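Reader: Hi! I'm in my first year and still learning to read structures. Could you take one part of this one and walk me through it slowly, then show me how the rest fits around it?

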Amino acid sequence: QPVVIRTLTDLFRIYKEKTPRGSKEKSTIDGERTHEKHLLRLLKSNRIVKCLTVRDMQDYVEARLKEKWCERPIQPDTVHKELTTFRLVWNW
């Protein structure tokens, strides 16, 4: 039966299900999981994948850069890593 990817939650779930065990280091998996949480939180987990726009991604970047962690601003490098994770999953 065909895999149906409708929402962002579906995209990340199926990506993780289809990634072979042992193909990634635990630290990589942990980082991707953290990035996923932020992406789903700000882009909305039930968002229809086909409806994502460049503006949505720019809004994500702007929202993330306004946030803080341990009273320190989120750094652009962190947001770049999160977008890299998103691109990896999207292109998969």
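Reader: Could you look closely at cysteine 51: how accessible is it?

Author: Happy to! Keep in mind that this is a predicted model. Cysteine 51 has a relative accessible area of 47%, so it counts as partly exposed, in the band between 20% and 50%. Cysteine 70 has a relative accessibility of 56%, which makes cysteine 70 exposed, because the cut-off for that word is over 50%. You may be wondering about a bond between cysteines. A disulfide is a covalent bond between the sulfur atoms of two cysteines. To be counted here, a pair of cysteine sulfur atoms must lie within 2.5 Å, and by that rule the structure has zero disulfides.

Now let's go inside. The largest nonpolar core has 16 residues, and those touching the most other members are Leu8, Phe12, Leu39, Leu43 and Phe86. Four elements give two or more residues to this core: helix 1 (8–18), helix 2 (26–43), helix 3 (54–66) and helix 4 (76–91). Helix 1 supplies the largest share, four residues. Phenylalanine 86 is a good place to pause. Leaving aside residues up to four places away in sequence, phenylalanine 86 touches Leu8, Phe12, Leu39, Leu52 and Met57.

Let's stay with helix 1 for a moment. Its buried residues are Leu8, Asp10, Leu11, Phe12, Ile14 and Tyr15, and these pack against helix 2 and helix 4. Did you spot the aspartate in that list? Aspartate 10 has a relative accessibility of 17%, so it falls under the 20% limit for buried. Aspartate 10 also forms a salt bridge with arginine 13, with the closest N and O atoms 3.4 Å apart. The two residues are three places apart in helix 1, which means that about one helical turn separates them. Arginine 13 is partly exposed, at 37% relative accessible area, whereas aspartate 10 is buried.

That pair has company, as a search of the whole structure finds 12 salt bridges. In helix 3, arginine 55 and aspartate 59 are four residues apart, about one turn of the helix. Their side chains meet in a salt bridge at 2.8 Å, N to O. Here both partners are partly exposed: arginine 55 has a relative accessible area of 45%, and aspartate 59 has 36%.

For another setting, try arginine 64 and glutamate 67. Their side chains also form a salt bridge, with 2.6 Å from N to O, and both residues are buried. This pair belongs to a wider group: Arg41, Arg64, Glu67 and Glu82 are joined into one network by salt bridges that share partners.

Finally, let's come back out to the surface. Val3, Ile5 and Trp92 make a nonpolar surface patch of about 270 Å². Isoleucine 5 sits in the segment before helix 1. With a relative accessible area of 33%, isoleucine 5 is partly exposed, so it passes the requirement of over 30% for joining a patch. If you follow the chain on from isoleucine 5, you come to helix 1, where Leu8 is one of the buried residues. Leu8 is also among the core residues that touch the most other members, and it is one of the residues that phenylalanine 86 touches.

Technical notes
Residues numbered from 1 in each chain as written. Predicted model: local features only at pLDDT ≥ 70, side-chain atom pairs only at ≥ 80, totals over all residues. Heavy atoms only, no water. Buried < 20%, exposed > 50% of the residue type's maximum accessible area, 1.4 Å probe, protein only. Core = buried A, V, L, I, M, F, W, Y, C linked by side-chain atoms within 4.5 Å. Contact = heavy atoms within 4.5 Å. Patch = residues over 30% accessible without salt bridge, like charges linked within 9 Å, V, L, I, M, F, W, Y side chains within 5 Å. Areas by Shrake-Rupley, 256 points an atom, 1.4 Å probe, with all protein chains shown as cover. Salt bridge = Lys/Arg side-chain N within 4 Å of Asp/Glu carboxyl O.
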